Amino acid sequence: MNGRVVSIHPQVELAPSGSVTALGAPPLQHATVQLPHYMRAGTLQLQALPPLALYLHLPWCLRKCPYCDFNSHEWRGAESVIPEERYVQALIADLDVALPLIWGRRVASVFIGGGTPSLFSPDAIDALLTQVRARAALMPDAEITLEANPGTFERDRFAAYAQAGVNRLSIGVQSFDDAKLRVLGRIHDAAQARAAIEEARRVVPTFNIDLMFALPGQSLEQAVAEVRQALAHEPPHLSLYQLTLEPQTPFAKRPPKQLPDVELAADMQLAVADAAQCAGLERYEVSAYARPGHHSRHNRNYWEFGDYLGLGAGAHSKLSFAHRVIRQTRWRQPERYMQQAMSGAAMQAEQEVTRRELPFEFMLNALRLREGFNPELYTQRTGLPLSTLRSGLDHAGQLGLLFETPRRIAATPRGWELLNEVLTLFLPPTEDSRRDAEPMTDSKA
Ligand code: SF4
C-alpha cells in the first residue's frame, strides 16, 4: 500500500525538556528528550518552522504482496488476532516521548498508513485517535486519512472509522482484473474492491484509489481500461503507480512473466495520465491526480518539505528546529518496536540533515509537484539561500528541464518525465569534486 509513502507557524515555544508518561501504560524509562541538544546553535537559520503532519504506521498485512518493499509484515503471531491494543499503547508511549519535540505546534494532518491499517478494528482506531487528540494539538479541520485494503473490508467498518474521526480513506485497489490481482498476490478480488470504493463514497467526504499499471501481461489498452474503471466511481483522488521491481522483494528475485518493457511502460504512463486528465482530474504530482479541493494535504506537506513526526514500526520523521533539520527512524520489527516504545526508546536512529544534503532533499520532493515551488519556500524550509541551488538550476534551465521565474521554479513537461536525471544535477558534491572546485591557495603571484 501507499505508505508514502513528507503555513508557517510564526513562533514555536518549546516545552521544558522532560518526559510524559502514557496514560494507562507502565512508567517510561529513558524517556527524556534533551531539548537543548536540538535547540543548540548551528549553521542553519530557519525563520519559522514548517507545517507539521503526523504519520502513524500500522505494520501488519494478512499476506505479503510479492512486489512490496514497505515495512509490512504478515501476521503470524501466536495470538489469533493482531495485538492492536498493545500496539496502540506503544504508539501513544512513543508519542508521549516525542511530544517535547513538537510542543506548541499544531498538527495539520494525520495519516494512518501501513501495512494494512484496516485490519485494526474501528475501536482500536478510535482509541488511537482519541489519545492522539488528547496530546497533540490537531487543527480543527485536520485531514485524517486511513489506508484500507478491500480484502479487509466489512460492511459498516468504514462508517465506524469515520465515526472515530477518519475523514479520508485511501483504498488499495491496484487492479480491477481478478487474474492480475492474483499475480500481484492481493487478497481481494475486483468485486470486493468495487464494494469498498462505493462504501468509501458513502461515508467519508473524500477518498483516494490506488491503482497500478505496467502489470504482467498488461496491454496499453488494458491499462487505460483499468483507469476508466476507477474513474467510473468518480474518485476525488487517484494515485497511479507503475509496478516496479524493488530490490529484496520476491518479484525482484523471480520477476513475473510478460512484464511490459521500458518503452511500453512509458507509453502507459502517458496514456493513463491522459485518461485521468480527460476525466477532469488534475495531475498535480508525478503519481497523484485530484479534483479541485481534493489534493492530499498530508502528501503535499511531504512534497513541500514540511515536517512530519512518524510513529510506529520503521516510521520515519523529519523535524525542523531553528538551527537544524533532523531525521529519525523507529525500530523496524513490530515486536521490537513495541518493546522499545514501552520502555521509552522507540527511536532507533537519528541524524542531522547536513547543509550539503538539504538542497537535494528539498528538490527531491518539491520537483514532484507540477507547480514546483516558490523560491522563498526553499529558504524558509532549508534556511539556505537560493544560491545553493544556482548551478543545478542554471544547468537544468539550459537543458530545458526546468523553468524559473521570480515566483516559481518547476520542471518543464520534459523535465518532469526525466525527473531522475534532473535530480542528479542537485546531488551533494562528492569530496573529490569539492576538492577540485576549491580555489588554489598557493598563488604564484
Ligand atoms: S497490502 Fe501488500 S502492498 Fe500493501 S503494505 Fe501489505 S504487503 Fe505491502
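**Entry 1: Phe305.** I began with Phe305, which sits in the loop between α10 (297–303) and β11 (307–312). In this predicted model, Phe305 has a positive phi of about 60° although it is not a glycine. I then asked whether Phe305 is buried or exposed. It counts as buried, because 24 C-beta neighbours lie inside 10 Å and the cut-off for burial is 20 or more.

**Entry 2: Gln258.** I looked next at Gln258, in the loop between α8 (250–253) and α9 (262–278), which also has a positive phi of about 60° without being a glycine. Gln258 is exposed, since 10 other C-beta atoms lie within 10 Å and a residue with 12 or fewer is classed that way.

**Entry 3: confidence.** Before going further I checked pLDDT, and found a mean of 90 for the protein, with 89% of the residues reaching 70 or more. Over residues 1–30 the pLDDT is below 50, yet this stretch has 84 contacts in the model beyond near neighbours in sequence. Over residues 436–445 the pLDDT likewise stays under 50, and here the model has zero contacts beyond four places in sequence. I note for myself that predicted coordinates should not be read in detail where pLDDT is low.

**Entry 4: overall content and core.** I counted 17 helices and 16 strands in the protein, and buried residues make up 44% of its 445 residues. Which residues of the largest nonpolar core touch the most other members? Among its 113 residues they are Leu54, Leu56, Leu91, Val110, Leu169 and Ile171. Helix α2 (residues 84–98) gives this core its largest share, which is nine residues. I followed Val110 further and, leaving aside neighbours within four places in sequence, found it in contact with Leu54, Leu56, Val132, Leu138, Ala142 and Ile144.

**Entry 5: a cis peptide.** I looked up the bond between Gly114 and Gly115, which is a cis peptide bond with omega of about 20°. Gly115 lies in the loop between β4 (106–114) and α3 (122–135).

**Entry 6: α4 against α6.** I examined how helix α4 (residues 157–164) packs with helix α6 (residues 190–203), and the angle is about 35°, with the axes 9 Å apart. The crossing of α4 past α6 is right-handed. On the α4 side the contact is made by Phe158, Ala159 and Ala162, and on the α6 side by Glu199, Ala200 and Val203. Sorted by class, this contact of α4 with α6 holds five nonpolar residues, no polar ones and one charged residue.

**Entry 7: α11.** For helix α11 (residues 334–342) I listed the buried residues, namely Pro334, Tyr337, Met338, Gln340 and Ala341. I then asked what covers these buried residues of α11. The cover includes β2 (60–61), β3 (73–74), α2 and β13 (324–330). Just after α11, Gly344 takes a positive phi of about 80°.

**Entry 8: Gly392.** Last I turned to Gly392, which is placed in helix α14 (residues 390–398). Gly392 counts as partly exposed, because 19 C-beta neighbours lie inside 10 Å, whereas burial needs 20 or more. I computed the separation from Gly392 to Leu423, 31 residues apart along the chain, and the C-alpha atoms are separated by 8.7 Å. Not counting residues up to four places away in sequence, Gly392 touches Leu425 and Phe426.

Key: Residues are numbered from 1 along each chain as its sequence is written. This is a predicted model: local features need pLDDT of at least 70, side-chain atom pairs count only at pLDDT 80 or more; totals for chains, interfaces and linings use all residues. A nonpolar core is a set of buried Ala, Val, Leu, Ile, Met, Phe, Trp, Tyr and Cys residues joined through C-beta atoms within 7 Å. Helices (H or I, at least four residues) and strands (E, at least two) are DSSP runs, numbered from the N terminus. Two residues are in contact if their C-beta atoms, placed from the backbone, lie within 7 Å. pLDDT is the predictor's confidence in each residue, from 0 to 100. Axes are lines fitted to C-alpha atoms, for helices over the stretch in contact, and angles run from 0 to 180 degrees between N-to-C directions. A crossing is left-handed if the near helix is turned anticlockwise from the far one by less than a right angle, and right-handed if clockwise. Ala, Val, Leu, Ile, Met, Phe, Trp, Tyr, Cys and Pro count as nonpolar, Asp, Glu, Lys and Arg as charged, and the others, Gly among them, as polar.
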